[in-house]
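Open the model in your viewer and keep the selection tool at hand. Where is there empty space, and what lines it?

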Amino acid sequence: MMKSEISLTVNGTEHELAVEPRMLLVTALREELGYTGTNIGCDTARCGACTVRVDGKAIKSCMRFAVQADGSEIETVEGLSEDGGLSPLQENFKEHHGLQCGYCTPGMLMTADTFLEDANDPSREEIREAIEGNLCRCTGYHNIIDAIEDTANQVGDGR
């Protein structure tokens with residue numbers, strides 16, 4: 001099959017790669033570029049485990065072809081760390097026990113981090129609405145919401 005040459009900037013690093021037109025972005029990130037923090041869950045955009053940020057917007061990477069992201073700035077969960085340490089959101093997930101098996105966590109973190117960029121003192125209900133496209137079968141969401149709420153309180157009005 002004919003391959004397309006694309007350019008992706010992932011977590012600040014530019015990558016050139018040749019992909020089949022049908023290759024999903026999640027597959028390109030994981031298998032071609034080694035960003036394995038992005039998980040493949042349902043392949044139907046229902047679980048959110050594959051959520052990444054493309055040009056500043058949280059998207060489910062199982063529903064976008066890699067060629068559609070050509071020239072884009074992509075952020076994965078690996079890009080959330082700050083100076084080699086955990087970001088405030090990651091630290092709060094740890095402190096509030098907002099993860100158990102951890103499978104949903106990368107997508108949950110990317111969705112929450114994107115939400116918090118523009119959130120202005122969000123209510124617990126607004127946080128629930130923000131993460132409603134990310135499924136977790138382990139935690140019951142309470143600790144996840146606590147972690148996001150605590151992060152929002154720490155960072156104040158937006159970031």
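This tour of a predicted model visits a pocket, a cavity and a loop residue.

**Stop 1: the largest pocket.** Select Gly41, Cys47, Ala49, Cys101, Tyr103, Cys104, Leu135, Cys136, Arg137 and Cys138. These residues line the largest pocket. Its volume is about 190 Å³. Now colour the selection by class. The lining has eight nonpolar residues, one polar and one charged.

**Stop 2: the largest cavity.** How many cavities of 30 Å³ or more does a search of the whole structure find? The search finds one. The largest cavity holds about 30 Å³ of space. To see its walls, select the run Gly98, Leu99, Gln100, Cys101, Gly102, Tyr103, Cys104 and Thr105, then add Cys136, Cys138, Thr139 and Ile144. Colour by class again. Seven of these lining residues are nonpolar and five are polar. None is charged.

Keep both selections on screen for a moment. Cys101, Tyr103, Cys104, Cys136 and Cys138 are in the lining of the pocket and also in that of the cavity.

**Stop 3: Ser87.** Move on to Ser87, in the loop between strand 5 (73-75) and helix 2 (88-95). Is Ser87 buried or exposed? Its relative accessibility is 3%, so Ser87 counts as buried; the cut-off for buried is under 20%. Next, show its neighbours. Leaving out residues up to four places away in sequence, Ser87 touches Leu80, Ser81 and Glu82. Select those three with Ser87 to end the tour.

Methods: Residues are numbered from 1 along each chain as its sequence is written. This is a predicted model: local features need pLDDT of at least 70, side-chain atom pairs count only at pLDDT 80 or more; totals for chains, interfaces and linings use all residues. Side-chain values use heavy atoms; hydrogens and water are left out. On a 1 Å grid over the protein atoms alone, a cavity is a set of points where a 1.4 Å probe fits but cannot get out, and a pocket is an open set with protein on both sides within 12 Å along at least five of seven lines; lining residues have an atom within 4 Å of a point. Grid points are joined across faces, edges and corners, and a volume is the space filled by probe spheres set on the points. Ala, Val, Leu, Ile, Met, Phe, Trp, Tyr, Cys and Pro count as nonpolar, Asp, Glu, Lys and Arg as charged, and the others, Gly among them, as polar. Helices (H or I, at least four residues) and strands (E, at least two) are DSSP runs, numbered from the N terminus. Buried means under 20% relative accessible area, exposed over 50%, partly exposed in between (1.4 Å probe, protein chains only). Contact means heavy atoms within 4.5 Å.
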